[in-house]
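Here's a walk through one protein model, written for someone who likes to have the viewer open while reading. Load it up and follow along.

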Amino acid sequence: MKRLLLCAAALSVLAAVPAHAADPVDAQRMAQDIKVLSSDEFEGRAPATEGERKTVAYIAEQLKAAGVQPGGDLKNGQRAWTQDVPLARFATKGPVNVSVKAGGETQTWTQGEQIAIRAAQTGVDRLTVKDAPVVFVGYGVTAPEKNWDDFKGYDLKGKVALVLVNDPDFETGQGDFGGKAMTYYGRWTYKYEEAAKQGAIGFLVIHEREPASYGWATVKNSNTNEIFDVIRQDPTKAHAPLEGWIQRDNAVDLFKKAGLDFEALKKQAQTRDFKPVALNGVTFSTDYAVDAQKVVSKNVVGVIPGTKRPDERVIYSAHWDHLGVGLADAKGDRIYNGAVDNASGTAALIELGRAFAKGPKPDRSIVFLAVTAEEKGLLGSEYYADNPLYPLGSTVGVLNMDGMNVLGGFKDVTMSGNAPLSLQDDLIKLAAERGLSFSPDPNPQAGSFYRSDHFPFAKRGVPAISFGAGETLAKGGKAAGEAASEAYIKDKYHQPADEFDANWDLSGLSQEVGLFYEMGRRLANSTVWPEWKEGAEFKLERDKTKSMRR
């Protein structure tokens with residue numbers, strides 16, 4: 001997600017704020033691309049499906065027609081349009097049986113209702129857990145640099161742990177973890193990594209709307225369909241057998257039946273003194289079959305070679321994938337079309353390819369990277385960053401697009417998280433030139449910096465950001481923008497309702513993509529290298545490749 005701030009909530013057409021006159025982007029063309037990519041014909045664009053084949057072909061065809069050159073894998077001395085991304089795919093087969101014993105009673109839970117269990121990613125063909133003891137481990141954080149250890153040597157082997165989402169600081173807004181702004185320790189991905197390190201049968205993340213930043217529908221739809229991962233030599237080092245989420249009310253009930261106070265223990269978990277607490281008399285069982293396969297998905301890669309410094313590259317990125325076909329909603333719709341998330345960003349990527357192909361050729365090369373499997377954990381961008389087609393040390397920067405504005409004109413720009421980068425300064429300057437203010441990430445507790453495709457590049461030192469329209473609309477102001485954002489997250493994000501809407505006001509889309517165009521154009525015609533600021537966590541990684549930048 002990411003930066004899905006101004007999305008597809010149904011609003012009446014808003015007063016237009018025009019794109020900058022010099023921006024060669026066409027909102028109607030982008031709308032047509034969104035309409036095609038998010039149509040039922042593309043089946044929700046899940047990796048390793050017929051929907052992927054159609055999506056990859058469409059993106060490549062559009063870039064080729066625009067005059068962009070292929071920039072993917074080398075085959076027989078020629079660049080292909082794609083980069084192969086080998087992945088492991090895991091899916092549950094048949095029923096997912098879940099039961100919990102608590103207070104002398106046995107409860108039978110339903111997948112997607114009380115609990116959302118991910119298909120096991122350890123290579124097993126069946127996962128069976130029988131009457132495993134349940135333990136509460138607070139926020140599940142081990143952070144030596146902060147003198148923080150939620151486990152205190154507690155032996156979790158053979159046990160299932162309940163863990164809170166987000167950081168220990170989230171509720172108080174102050175402490176060692178950045179206050180409300182989520183660190184990587186708060187991400188559910190980190191919790192699962194820690195489960196493997198601790199030797200637990202698994203972790204179940206307790207879902208609470210505010211610290212998670214999304215509702216149960218998002219959790220259910222994202223975790224009960226196919227799961228993908230990179231190919232690992234020993235997947236048990238990265239994954240515990242059991243990974244999933246549990247509804248808050250059901251967790252509270254288990255605590256109560258064990259004679260424990262959930263809220264009181266949560267407050268204890270916000271301190272260094274917290275120690276794991278066993279839920280006496282509570283056990284967890286599950287049994288389900290797993291279909292594990294190796295598949296090859298595709299990143300789509302186009303390039304416009306630079307005329308003066310072709311070995312220096314600016315990357316535009318957007319993920320083309322969504323959730324495919326999954327659980328039906330209340331209307332019986334099972335296709336997760338992903339119009340805003342992220343057919344819109346993919347359409348913007350294609351349009352930028354058209355704009356640069358038709359305009360003056362840049363001094364530096366420009367790469368158009370449409371990545372796979374973002375919804376499965378940033379896997380396509382992670383694979384590229386780990387297996388770069390072009391050296392990361394001479395990559396100028398990455399401008400990522402995820403969830404574009406379809407609500408009309410806007411008055412401010414924002415970013416996913418806080419990026420201590422000169423690129424942020426460049427964005428603020430460009431926005432001011434166009435009469436736009438800059439607003440910090442309005443939802444820092446969501447951990448957006450770690451949730452979009454710029455992050456695999458950033459953690460390897462490449463200056464990389466996700467940015468776009470802020471929440472202050474030209475009509476209705478900030479109140480209208482906040483309401484639209486909340487409505488999208490509640491009713492459409494990761495749900496079948498994220499569909500193309502002919503009533504969208506596209507003036508904001510051209511305004512937003514125009515900002516991306518000008519940011520990239522300036523980078524591509526400059527001799528300056530964006531830098532991380534002093535003290536930034538990824539500056540040292542960038543500095544390791546300083547000799548590659550002249």
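Keep in mind that this is a predicted model. Let's begin with a helix and what sits around it. The buried residues of α9 pack against a mixed set of partners: the strands β4 (82-102), β12 (227-230), β14 (277-304), β15 (309-319) and β18 (364-371), plus the helix α11 (455-458). Helix α9 itself spans residues 379-386, and six of its eight residues are buried, so "mostly covered" is a fair description given that buried means under 20% relative accessible area. If you want to pick them out, the buried ones are Leu-379, Gly-380, Ser-381, Tyr-383, Tyr-384 and Ala-385.

Just ahead of that helix, have a look at Thr-372, which lies in the loop between β18 and α9. Is Thr-372 buried or exposed? Thr-372 is buried, because its relative accessible area is 0%. Leaving out residues up to four places away in sequence, Thr-372 touches Pro-47, Val-85, Ser-297, Lys-298, Asn-299, Trp-320, Asp-321, Leu-379, Gly-380 and Ser-381. Leu-379, Gly-380 and Ser-381 also appear among the buried residues of α9.

**Pockets**

Helix α9 turns up again in the lining of the largest pocket, where α3 (188-198), α5 (216-223), β12, β13 (242-247), α9 and α11 each supply at least two residues. This pocket has a volume of about 980 Å³. Its lining counts 44 residues, and those nearest its centre are Thr-189, Lys-376, Gly-377, Leu-378 and Leu-379.

Which residues lie closest to the centre of the second largest pocket? They are Ala-181, Met-182, Gly-417, Asn-418 and Tyr-450. Here are the two pockets side by side:

| Pocket | Volume | Lining residues | Classes in the lining |
|---|---|---|---|
| Largest pocket | about 980 Å³ | 44 residues | 20 nonpolar, nine polar, 15 charged |
| Second largest pocket | about 370 Å³ | 20 residues | eleven nonpolar, seven polar, two charged |

**Two helices that cross**

Two packed helices are described by the angle between their axes and the distance between the axes. For helix α1 (residues 27-37) and helix α13 (residues 507-524), the axes come within 9 Å and cross at roughly 100 degrees. The two helices are therefore roughly perpendicular to each other, since angles from 65 to 115 degrees get that label. On the α1 side the contact uses Ala-27, Met-30 and Ile-34, while α13 brings Leu-509, Ser-510 and Val-513. By class, this contact has five nonpolar residues, one polar and no charged.

Leu-509 is worth a click. This residue of helix α13 counts as buried because its relative accessibility is 0%. Beyond its neighbours within four places in sequence, Leu-509 is in contact with Ala-27, Met-30 and Ile-34, and also with Met-404 and Asn-405. What is the C-alpha to C-alpha separation of Leu-509 and Asn-405, given that they are 104 residues apart in sequence? For this pair the C-alpha atoms are 5.3 Å apart.

**Trp-81 and its surroundings**

Trp-81 sits in the loop between β3 (78-79) and β4. With a relative accessible area of 18%, Trp-81 is buried, because the cut-off is under 20%. Not counting neighbours within four places in sequence, its contacts are Ala-60, Leu-63, Lys-64, Val-68, Gln-69, Pro-70, Asn-299, Val-300, Val-301 and Gly-302. Asn-299 is also touched by Thr-372. Trp-81 and Asn-166 are 85 residues apart along the chain, and 39 Å separates their C-alpha atoms.

**Backbone oddities**

Most residues other than glycine have a negative phi, and most peptide bonds are trans. A few spots here go the other way. Asn-166, in the loop between β10 (160-164) and α3, has a positive phi of about 75 degrees without being a glycine. Asn-166 is buried, because its relative accessible area is 0%.

Glu-43 is another non-glycine with a positive phi, this time about 55 degrees. You'll find Glu-43 in the loop between α1 and α2 (50-66), and at 32% relative accessibility it counts as partly exposed.

Finally, check the link between Asp-341 and Asn-342: the peptide bond there is cis, with omega at about 0 degrees. Asn-342 belongs to helix α8 (residues 339-358).

Key: Residues numbered from 1 in each chain as written. Predicted model: local features only at pLDDT ≥ 70, side-chain atom pairs only at ≥ 80, totals over all residues. Heavy atoms only, no water. Axes fitted to C-alpha atoms, helices over the stretch in contact; angles between N-to-C directions. Helix = DSSP H or I, 4+ residues; strand = E, 2+ residues; numbered from the N terminus. Parallel < 35°, antiparallel > 145°, perpendicular 65-115°, else oblique. Contact = heavy atoms within 4.5 Å. Nonpolar A, V, L, I, M, F, W, Y, C, P; charged D, E, K, R; others polar. Buried < 20%, exposed > 50% of the residue type's maximum accessible area, 1.4 Å probe, protein only. 1 Å grid on protein atoms, 1.4 Å probe; cavity = no way out; pocket = protein on both sides within 12 Å on 5 of 7 lines; lining within 4 Å. Points joined across faces, edges and corners; volume = space filled by probe spheres on them.
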